[in-house]
Amino acid sequence: MELRAYFEKYHDEATCIEELKNQRIQNGIICKKCGHDTHSFRQNDLKFQCRKCRNRISLRSGTVMENSNLPIRYWMICIELMTLSHRKMSILKIQYLLGHKRYEPIWLMVQKIRLVMKMRDEKYRLRAYSQFDPEFLQKIDMLMIKRKTKSASS
Ligand SMILES: [Zn+2]
């Protein structure tokens with residue numbers, strides 16, 4: 001997608017929340033507590049609620065965005081920028097483009113996206129990226145980031 005069209009499509013956080021929500025529903029949500037697969041969505045706290053046992057899971061949980069306080073829109077824009085630039089864009093540049101004050105959360109976001117893209121490359125060599133491929137709907141924890149930065153520097 002052309003970048004301009006992309007910014008028009010995901011022009012605000014509500015649109016991005018909707019997109020992620022629909023993508024997760026499409027991929028299927030299984031209740032961790034009872035294994036049921038139909039959920040309703042609670043707009044007020046952005047959680048899926050199991051229709052059977054009423055257990056709730058957050059929109060971001062179990063995705064690359066879990067434990068991040070950055071807007072979902074940042075993630076979507078960042079994934080797009082990194083895809084267009086073949087991952088070579090610097091973190092400082094991304095921070096500047098997003099207009100975010102702090103470097104650390106942006107650094108962490110980029111590390112997580114890079115890791116997902118790397119794992120995805122190993123899986124399918126020739127498939128083009130798209131927003132929220134199932135690979136982005138997986139949790140990346142700090143241990144995986146540490147392991148990766150360690151192996152990259154040695
Ligand atoms: Zn349940």
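Two strands are taken to pair if DSSP finds at least two bridges between them. On this basis, the predicted model contains an open sheet of three strands in the order β1-β2-β3, with antiparallel pairing. Strands β1 and β3 (56–58) stand at the edges of the sheet, each with a single partner strand, so one side of each is left without a neighbour in the sheet. Direction ignored, neighbouring strands of the sheet are turned by 30 degrees against each other on average.

The pairing of β1 (residues 39–42) with β2 (residues 47–50) is antiparallel and extends over four bridges. Within this pair, S40 has Q49 of β2 as its bridge partner. The two strands form a hairpin, with four residues between β1 and β2. One residue of the turn, L46, has a positive phi of about 55 degrees. On the other side of the sheet order, β2 and β3 pair in the antiparallel sense over three bridges. Here the bridge partner of Q49 is R56 in β3. Q49 is thus a point of reference for both pairings, being partnered with S40 and with R56.

The sheet is set within a chain whose secondary structure comes to six helices and three strands. Read from the N terminus, the elements follow the order α-α-β-β-β-α-α-α-α.

Packing between helices was examined for α2 and α3. Two packed helices are described by the angle between their axes and the distance between the axes. Helix α2 (residues 13–27) packs with helix α3 (residues 72–84) at an angle of about 75 degrees, and their axes are 8 Å apart. Angles of 65 to 115 degrees count as roughly perpendicular, and α2 and α3 are therefore roughly perpendicular to each other. On the α2 side, the contact is made by E13, C16, I17 and L20. The residues contributed by α3 are I72, R73 and M76. By class, the contact of α2 with α3 has five nonpolar and two charged residues, and no polar residues.

Two values describe the chain as a whole. Of its 154 residues, 18% count as buried, a residue being buried if 20 or more other C-beta atoms lie within 10 Å of its own. Among contacts in the chain with a separation of 6 or more, 49% are accounted for by residues 24 or more positions apart.

Notes: Residues numbered from 1 in each chain as written. Predicted model: local features only at pLDDT ≥ 70, side-chain atom pairs only at ≥ 80, totals over all residues. Axes fitted to C-alpha atoms, helices over the stretch in contact; angles between N-to-C directions. Parallel < 35°, antiparallel > 145°, perpendicular 65-115°, else oblique. Contact = placed C-beta atoms within 7 Å. Nonpolar A, V, L, I, M, F, W, Y, C, P; charged D, E, K, R; others polar. Buried ≥ 20, exposed ≤ 12 C-beta atoms within 10 Å, placed from the backbone.
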